[in-house]
Amino acid sequence: RVLPEVLAGRRIGALALTEPGAGSDVAALSTTARRDGDAWVLDGEKTLISNVPIADHHVIFANTDPGRGRKGISAFLVERGAEGLEATAMPMSIPHPIGRLRLARCRVPSGALIGEVGAGFKLAMETLDAFRISVGAAANGMARSAIESAIEHVTRRKQFGAPLAEQQIVRAYLAEMATELDASR
């Protein structure tokens, strides 16, 4: 139901994995999901989630069995506007739709479970593997933009009677930045 709409560009999703206390250590996430009849109830908080302000749905990772660590993590498809889901945009210094999610007794149907109970960690890692290339490319683009801004600044800004760009140390900094960017590319 959702995937064809995403592939056609008519729906936007958000991968809600990172938490205030669990970034790189995904297994430490504290968002929980518990069964309640024919539904799941999610509680927790996600932060620094791309697309939150524009997402039609969120893939939320929650622990369905905290005692099992990463083997207890499951994934759920939660629609924007779901009862108990609060989405808040976070201001950024660059134009990027990022935000946080708060889940307070967010009730979703049993069909919101993606895959099997406890299979969420593997799904998250496979997804992150697929996106690492685009994250690296975005970082390179931001670095190039920073270098261009720096060159523009040091060319215009005068200090000690000459543009900063004529100072040897400034040129050395710019050369190092360009070398690091080339190596990153």
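**Figure 1. Gly 141 in helix 2 of the predicted model.** In this predicted model, Gly 141 counts as partly exposed, because its relative accessibility is 40%. Gly 141 belongs to helix 2, which covers residues 120-156. A second residue shown for reference is Arg 68, which stands 73 residues from Gly 141 along the chain. The C-alpha atoms of Gly 141 and Arg 68 are separated by 40 Å.

**Figure 2. The packing of helix 2 against helix 3.** Two packed helices are described by the angle between their axes and the distance between the axes. Here helix 2 (residues 120-156) packs with helix 3 (residues 168-184) at an angle of about 160°, and the two axes lie 10 Å apart. Helix 2 is therefore roughly antiparallel to helix 3, since angles over 145 degrees are classed in this way. The crossing of helix 2 and helix 3 is left-handed. From helix 2, the contact is made by Asn 140, Ala 143, Arg 144, Ile 147, Ala 150, Ile 151 and Val 154. Helix 3 contributes Val 170, Leu 174, Met 177, Ala 178, Leu 181 and Ser 184. By class, the residues of this contact comprise ten nonpolar, two polar and one charged.

**Figure 3. Val 154 at the contact of helix 2 with helix 3.** Val 154, a residue of helix 2, takes part in the contact with helix 3. With a relative accessibility of 9%, Val 154 counts as buried, because the cut-off for that class is under 20%. Beyond residues up to four places away in sequence, Val 154 touches Pro 163, Leu 164, Ala 165, Val 170 and Leu 174. Of these partners, Val 170 and Leu 174 are listed among the helix 3 residues of the packing contact. Val 154 and Val 170 are 16 residues apart in sequence, and the distance between them in space, C-alpha to C-alpha, is 7.9 Å.

**Figure 4. Arg 11 and its polar contact with Glu 79.** Arg 11 is placed in the loop between helix 1 (3-7) and strand 1 (13-16). The relative accessible area of Arg 11 is 17%, so this residue is buried. The side chain of Arg 11 makes a polar contact with the side chain of Glu 79, at 2.7 Å. Apart from neighbours within four places in sequence, the residues in contact with Arg 11 are Val 2, Glu 5, Val 6, Asp 56, His 57 and Glu 79.

**Figure 5. Asp 56 and the residues around it.** Asp 56 occupies the loop between strand 3 (39-50) and strand 4 (57-63). A relative accessibility of 19% means that Asp 56 counts as buried, the limit being under 20%. When residues up to four places away in sequence are left out, Asp 56 touches Arg 10, Arg 11, Ile 12, Glu 79 and Arg 80. Glu 79 also appears among the contacts of Arg 11.

**Figure 6. Ile 60 within strand 4.** Ile 60 is a residue of strand 4 and has a relative accessibility of 0%, so that it counts as buried. Setting aside neighbours within four places in sequence, Ile 60 is in contact with Ala 16, Leu 42, Lys 46, Ser 74, Ala 75, Phe 76, Val 78, Leu 85, Leu 101 and Leu 103. Ile 73 is separated from Ile 60 by 13 residues along the chain, and their C-alpha atoms are 10 Å apart.

**Figure 7. Positive phi values at Asn 51 and Phe 160.** Most residues other than glycine have a negative phi. Asn 51 has a positive phi, near 80°, and is located in the loop between strand 3 and strand 4. Its relative accessibility of 22% means that Asn 51 counts as partly exposed. Phe 160 also has a positive phi, near 60°. Phe 160 lies in the loop between strand 9 (158-159) and strand 10 (162-163). At 76% relative accessibility, Phe 160 is classed as exposed.

**Figure 8. Glu 116 in the loop before helix 2.** Glu 116 is situated in the loop between strand 8 (113-114) and helix 2. The relative accessibility of Glu 116 is 60%, and it therefore counts as exposed. Leu 85 lies 31 residues from Glu 116 along the chain, with a separation of 22 Å between the C-alpha atoms of the two residues.

How values were computed: Residues numbered from 1 in each chain as written. Predicted model: local features only at pLDDT ≥ 70, side-chain atom pairs only at ≥ 80, totals over all residues. Heavy atoms only, no water. Axes fitted to C-alpha atoms, helices over the stretch in contact; angles between N-to-C directions. Helix = DSSP H or I, 4+ residues; strand = E, 2+ residues; numbered from the N terminus. Parallel < 35°, antiparallel > 145°, perpendicular 65-115°, else oblique. Left-handed = near helix turned anticlockwise from the far one by under 90°. Contact = heavy atoms within 4.5 Å. Nonpolar A, V, L, I, M, F, W, Y, C, P; charged D, E, K, R; others polar. Buried < 20%, exposed > 50% of the residue type's maximum accessible area, 1.4 Å probe, protein only. Polar contact = N/O pair within 3.5 Å; in protein donor to acceptor, adjacent residues only side chain to side chain.
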